[in-house]
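Student: Could you take me through one part of this model closely, step by step? I would like to look at a sheet and what surrounds it.

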Amino acid sequence: MTAPTESILEVRDLVKHFPLNYGVVFKRQVGAIKAVDGVSFDLRRGETLGVVGESGCGKSTLAKLLMALERPTSGSVRINGRDITTARGAELKRMRRNIQMVMQDPYTSLNPRMTVGDIVGEPFEIHSDVAPKGGRRQRVQELLEVVGLNPDHINRYPHQFSGGQRQRIGIARGLALQPEIIICDEPVSALDVSIQAQVMNLLERLQNEFNLAYIFIAHDLSVVRHISDRIAVMYLGKIVELGNDTEIYDNPTHPYTQALLSAVPVPDPEGRETRQRIILQGDPPSPANPPSGCHFRTRCWKAQDVCAEQEPALEVRPGSAHPSACHFAEVRDVVNAE
Amino acid sequence: MSNATVAESAKDKDARPEKARRPASLWSDAWHDLRRNKVFILGSILVLILLLMAAFPSLFSSVNAYDPSTCDLSNAREGITSKHWFGTDNLGCDTYSRVIYGARVSVIVGIATSLISAVVGGGLGLLAGYYSRWVDVLLSRLAEIFFAIPSVLGALLFLSAIGRENAGAFTVVLSLAVLAWPLILRIMRAAVISAKNQDYVTAARALGAGPGRIMLRHIMPNAIAPVIVTATLNLGVFIAAEAGLSFLGVGVQPPTISWGLMIGDARRRFLEAPEPLIFPAIFLSITVLAFVMLGDAVRDALDPKLR
Amino acid sequence: MKNPSVDTHLLPAERAGDEPLLAVDNLHVEFQTRQGVVRAVNGVSYSVDAGETLAVLGESGSGKSVTAQAIMGILDMPPARIPKGEVRFHGTDLLTMPDDARGQIRGRRIAMIFQDALSALNPVFTVGWQIGEMFRVHQGMSKRDARRKAVELMDRVRIPGAKSRVDDFPHQFSGGMRQRIMIAMAIALDPEILIADEPTTALDVTVQAQIMGLLAELQQESDMGLILITHDLGVVADVADKIAVMYGGRIVENASVFDGYRAPAHPYTKGLLESIPRVDLKGQELYAIKGMPPNLLDMPTGCAFHPRCPYRKENCVTDAPPLYTVSDTRGSACHYWREVLDDGSN
């Protein structure tokens, strides 16, 4: 391992199937929801990996697996070389210091019965050796200051803050243990438009200040592009394309990535009549019963017989430099196409 | 520029005067509501008087009803007089002082039963809701067995089985609590199940919080409200049940003074001397009503749907 | 707040002497709450003509949805109250109309769709029954005919296999399909105005594109006026003819979509547009409007935007700006709209 490309997080063949049970007393498994179905990637120190995909693609389950909030069916999640999926007890607790999360909904992610000081200070109570008891209040106030909140408001309750401020409280809690990795699960999508940019800027500033690595999960592609160094596109539990931001946005090779990018409305009315759109038909299939072969083939305009028979691997395809899980991967610039 | 923008924006927000808002927890918000609720005020005044009566009966009556020498058989079943405001009973004892002294048993039984059933039911409900799987199955089935027994009938059976000589306030509390905790368990379990799926619980787990901390710091404070409401409403129910059991002769036993016993003693000579029956009955009704009013007000204040 | 006369200049149709299809004129809505009176809508005026798409842009609490609910007459009164204003449909004020006459218009000639299609549909009736209800109630159609019409409508909103799905229940459909069912109910009686309140916010982007495409097609087919309420600048740029930007219960800017996006005349609009992440500025800090949306219980004095405004001068703190006429078709509620406009042309 060399310093600049050192992987801090290695995910290998991660699978999570939720069993579908039938019967009340004698449960029989009749199937499984394949929420995450063989996902592998690396995250380097100080890097941001964006994860985009539609609802049901497994991105939130992925976040839970990385946080060891769910046990995977198989596969591994190594943080600094140690597998968090097999860690238990004190070891798991110690590993959690290094990976924290910021959740989507600032209204439900803070305990309404606790003061801001208790919420942000809770990490120190759980990991009592991180900050000495006498210095905790001061540490909490420093954290509030770091995220741009008034440290004097330490005794207030969450409902006395606006959505953007609550999200800052959640970020302060995530920072308390000085983790190297923060999983951001849709951190701005519940916020007002004028507040989103503030929180994005805060996240970027904190990344520079503390050399954090982010997994940035979102459905808003322009937001993901702005903050991410590399981007993984997910569809029905699998990564279908993985590359740096220009590779994904300017040279996408997977039809789903192309459709997703072209579906995003461009905030500029000029030339809207001539803009080319790929409009996908139908909804994503159920992850309980995904199509055979390539999961995307049922909505794909390029689908052929081989797509139903053979599952395409996520690998570098001819004509492009980044991996794509499509038999017919081909560069097509949909964003700049007129 | 970045730091400046963020800091400035924060200051901007925080500098805003928050007029109509009170810097308050949800509990103090509830308290704020309660203080303005007329039903709550009336209910609590009545309850306070009752508690005073139970604790210091001598404040209300110069006659010690537990002192047999105050009874005078020659004055038995006397109507309302200036000396005996509520008349006298079969044995010539002063009904007024006996009604005052009878409050103690009612209050003790009501509060103790409610507390025990809330602690047992609440605690087990917390465990059942949090752990689910076999813990839940075990506790919920156990609760269902008790739940299937009609409560007053069950207490009646239990108390008749242990016999009059062993009966008393303690056995009444025990028999009522044994039958009341399953309801609290169900309420608590449902509240815990909805609270444990909240994001803040996930956040606490992600921080490495253990089950104890998650249950006590995160789930319980957010799930306890319906239990408090039910326990408050139950106070009145248990007081009425105690009176009923004592009336039937299986509850507290003489010489302990209880409204239920007094009503039972006076019922055979009701037409001759109605006062020894009517006054304890009035006190009993007002007491039950006061606790129901209190419970209703607490429910309104804590009900999240009205927030 | 003494400006209602100014912006009526903005309605070309009205200058010519004929009324627009739907005109909201100086509408005020307030709510009685425990904390006091919330003035959610403070003198809003806008208009829509047949075949036209008006996008009402704003954040939560800007009053954009409340205005729409006032047009539909579905506000709960009390706690809501409409102390002032008119909503004219074909020149007749809906607010002073008797209830039964208004009921004839609501749902039939002015229809609305909502963000959350699942809670807007009744879970215990089949979708066919719910779509057919429009015909049974409003047109006294028989059950058989209503069902046939329901299938037709489901075809029209492109629900695959309409015939076999007409007897399914709402929960058996995906989010996008449920939104289509809502649209089918809304267009059942060929309304002249369709109000869409955040119709795609809960949907994925690929499904959002389908729904917006469907709405545009339906609008062309029947020449409906469409009021699109949203906070999504991308969707607006795609479909709107004109925009009305709301902030703190007032319209701060109205313009044609091209003018508004090319050169905004209000600092708030400008800030929103600039805070969109742009490809050529990657790695740099995003422009962010500082501060947070106003508290309706405690509105800033003068211009509601002044605490967050980079163009603020002294009089902004004291004087609420009227909706200044920027051009025949534009208005901006900013004392310094000229400066904003000059800065914006890039």
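Tutor: Happy to! One term first: helices and strands here are DSSP runs, with at least four residues for a helix and at least two for a strand, numbered from the N terminus. Keep in mind that this is a predicted model. With those terms, chain C has 15 helices and 12 strands. Its radius of gyration is 21 Å, close to the 20 Å that the globule rule gives for 346 residues, so chain C is as compact as a globular protein of that length.

Now for our close look, which is at the sheet in chain A. Strands of a sheet pair through backbone hydrogen bonds, either parallel or antiparallel. In chain A, four strands make an open sheet, ordered β2-β1-β4-β5, and their pairing is antiparallel. At the edges stand β2 (28-44) and β5 (82-83) of chain A; each has a single partner strand, so one side of each is left without a neighbour in the sheet.

Next, follow one pairing inside that order. Strand β1 (residues 7-22) of chain A joins strand β4 (residues 74-79) of chain A in the antiparallel sense, over five bridges. To find a spot on this pairing, pick out Val15(A), whose bridge partner in β4(A) is Ser74(A).

Finally, look for the helix that accompanies these strands. Helix α1 (residues 59-66) of chain A lies across β1, β2 and β4 of chain A, and it runs at about 70° to β2(A). So that you can place it, recall that β2 of chain A is one of the edge strands.

Methods. Residues numbered from 1 in each chain as written. Chains lettered and ligands numbered in written order. Predicted model: local features only at pLDDT ≥ 70, side-chain atom pairs only at ≥ 80, totals over all residues. Pairing = 2+ DSSP bridges. Contact = placed C-beta atoms within 7 Å. Axes fitted to C-alpha atoms, helices over the stretch in contact; angles between N-to-C directions. Rg over C-alpha atoms; globule rule 2.2 N^0.38 Å.
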